[in-house]
Amino acid sequence: MPRLSAGLLLYRAPTGVIDVLIAHPGGPFWARKDDGAWSIPKGEYPDGDDPWLAARREFTEELGLPVPDGARIDLGALKQPGGKVVTVFAVEADLDVTDMRSNTFELEWPKGSGTLRSFPEVDRAGWFPVAQARAKLLKGQRAFLDRLMADPSVAGLSKGS
């Protein structure tokens, strides 16, 4: 059975260009990576759990902010290169991420040192136009942007993202 993950992709169109909210993973492995390293806020959940509820929970854990209200769009599931199956939902909403505070994880760092250090699961989040987000997102998640832009309710907001 593959590992399951659910995420929430917020989008907005304040100027007629669709922006999406994505997150940069924390920890030493990702510290110097940018393009191709960002992710839709998401997290794992056990088989049998509701992916929508998991997406909302993980969004709050990763950003430390409440999930904004709004109609959801089911962007479906995609198998990632590592085998994990990610289900993503989109919600049109604006959210100020200035005060985001992620949950943390512990990791032995430097590796082999015997010292456990705490790192944020997400070290920053930001709004990006879809074209820029496409370059920043992990390769396996980029198709979710295509699905978002193909949705009729989103396409009507865009003036050429």
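1. The largest nonpolar core has 24 residues. Leu 8, Leu 10, Leu 21, Phe 59, Leu 63 and Leu 95 have the most contacts inside this core. Note that the model is a predicted one.

2. Two or more residues of this core come from each of strand 1, strand 2, helix 1 (51-63), strand 5 and strand 8 (122-129). Helix 1 gives the most, with 5 residues.

3. Leu 8 shows how one of these core residues is surrounded. With neighbours within four places in sequence left aside, Leu 8 is in contact with Trp 52, Ala 55 and Phe 59, with Phe 89, Ala 90 and Val 91, and with Ile 40, Pro 41 and Val 67.

4. A second core of 21 residues is separate from the one above. Among its members are Val 20, Trp 38, Val 130 and Leu 148.

5. Leu 148 is also one of the buried residues of helix 3 (residues 142-150), together with Phe 144 and Leu 145. These buried residues lie on the same side of helix 3, because they cover an arc of only 105° around the axis.

6. What do the buried residues of helix 3 pack against? Their partners among the strands are strand 1 (4-12), strand 2 (19-25), strand 4 (72-79) and strand 5 (85-92). Helix 2 (130-136) and helix 4 (152-155) are packed against as well.

7. An unreviewed UniProt entry carries the annotation "domain: Nudix hydrolase" for residues 1-150. Over residues 1-150 the chain is 36% strand and 19% helix, and the end C-alpha atoms are 30 Å apart.

Notes. Residues are numbered from 1 along each chain as its sequence is written. This is a predicted model: local features need pLDDT of at least 70, side-chain atom pairs count only at pLDDT 80 or more; totals for chains, interfaces and linings use all residues. Side-chain values use heavy atoms; hydrogens and water are left out. Buried means under 20% relative accessible area, exposed over 50%, partly exposed in between (1.4 Å probe, protein chains only). Helices (H or I, at least four residues) and strands (E, at least two) are DSSP runs, numbered from the N terminus. The arc is that of the directions from the helix axis to the C-beta atoms. Contact means heavy atoms within 4.5 Å. UniProt positions are given in the numbering used here, feature names are shortened, and annotations may be inferred rather than shown by experiment. A nonpolar core is a set of buried Ala, Val, Leu, Ile, Met, Phe, Trp, Tyr and Cys residues joined through side-chain atoms within 4.5 Å.
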